[in-house]
Amino acid sequence: LLLDLAQTIRSEPFARLARHPDCPQAFTRQRQLPLPALIATLLCMRASSQQRLLDSVFGAMRGTADMVRGVSDRAFAKARSHLHMPALSALNDQVLAHAGRFQS
């Protein structure tokens, strides 16, 4: 399941779905917060400060336990505003479909 999700969020069809209609160029360039990192951060969100979460996620992505300032909370908010919500619904549908295959 995790490999399927990882492949999905890195795919061009998902990127097209994830681009908000008002931001057709979103997630087309390699930035400090690419689409897969944005999605991973959103999936990991817990009750903590947004900047602390971003620092810990980017620290984990770089293979270090240290907090790493990868992006600011403002950059995260801007990237999130360019995300088209049907993309998250599609990911949810994929997870539910996968879970349904293992249900008795």
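**Entry 1. Overall**

I began with burial: 32% of the chain's 104 residues count as buried (buried is under 20% relative accessible area, exposed over 50%, partly exposed in between, with a 1.4 Å probe and protein chains only). I note that this is a predicted model, in which local features need pLDDT of at least 70, side-chain atom pairs count only at pLDDT 80 or more, and totals for chains, interfaces and linings use all residues. Residues are numbered from 1 along each chain as its sequence is written, and side-chain values use heavy atoms, with hydrogens and water left out.

I then looked up the secondary structure and found 6 helices and 0 strands, in the order α-α-α-α-α-α along the sequence. Helices (H or I, at least four residues) and strands (E, at least two) are DSSP runs, numbered from the N terminus.

For the surface, I read an accessible area of about 7,000 Å² for the chain, with 54% of it belonging to carbon and sulfur atoms. These areas come from the Shrake-Rupley method with a 1.4 Å probe; for residues, only the protein chains shown count as cover.

I also looked at contact order. Of the contacts between residues at least 6 apart in sequence, 60% join residues at least 24 apart (contact means heavy atoms within 4.5 Å).

**Entry 2. The core**

Which residues have the most contacts inside the largest nonpolar core? I found Phe14, Leu33, Leu35, Leu38, Ile39 and Leu83, in a core of 21 residues. The helices α1 (2–9), α2 (12–18), α3 (35–44), α4 (50–61), α5 and α6 (86–102) each supply at least two of the core residues. The most comes from α3, with 4 residues. A nonpolar core is here a set of buried Ala, Val, Leu, Ile, Met, Phe, Trp, Tyr and Cys residues joined through side-chain atoms within 4.5 Å. As background, nonpolar side chains in soluble globular proteins tend to be buried together.

I listed the partners of Phe14. With neighbours within four places in sequence left aside, Phe14 is in contact with Thr8, Ile9, Leu35, Ile39, Ala87 and Leu91.

Next to Phe14 in number I checked Ala15, which is in helix α2. Ala15 counts as buried because its relative accessibility is 7%. The C-alpha atoms of Ala15 and His84 are 9.6 Å apart, with their positions 69 residues apart in sequence.

**Entry 3. Salt bridges**

How many salt bridges does a search of the whole structure find? I got 2, taking a salt bridge as a side-chain nitrogen of Lys or Arg within 4 Å of a carboxyl oxygen of Asp or Glu.

One joins the side chains of Arg16 and Glu12 at 3.9 Å, N to O. Arg16 and Glu12 are 4 residues apart in helix α2, so about one helical turn separates them. The other joins Glu12 and Arg19 at 3.3 Å, N to O. Glu12, Arg16 and Arg19 are thus linked in a network.

I compared exposure across the network. Arg16 is partly exposed at 48% relative accessibility, Glu12 is partly exposed at 41%, and Arg19 is buried at 13%.

**Entry 4. The loop between α2 and α3**

Arg19 lies in this loop. Leaving out neighbours within four places in sequence, I found Arg19 in contact with Glu12, Pro24, Ala26, Phe27, Thr28, His82 and His84.

Phe27 is in the loop between α2 and α3 too. I noted its positive phi of about 60°, although Phe27 is not a glycine.

**Entry 5. Helix α5 and the pocket**

I looked up Arg80 in helix α5 (residues 73–81). Arg80 counts as partly exposed because its relative accessibility is 31%. Its C-alpha atom is 7.3 Å from that of Leu38, which is 42 residues away along the chain.

What volume does the largest pocket have? I read about 360 Å³. Its lining has 15 residues, with Arg31, Leu33, Lys78, Ala79 and His82 nearest the centre. Helix α5 gives the most to this lining, with 3 residues.

For the record, a pocket is an open set of points on a 1 Å grid over the protein atoms alone, where a 1.4 Å probe fits, with protein on both sides within 12 Å along at least five of seven lines; lining residues have an atom within 4 Å of a point. Grid points are joined across faces, edges and corners, and a volume is the space filled by probe spheres set on the points.
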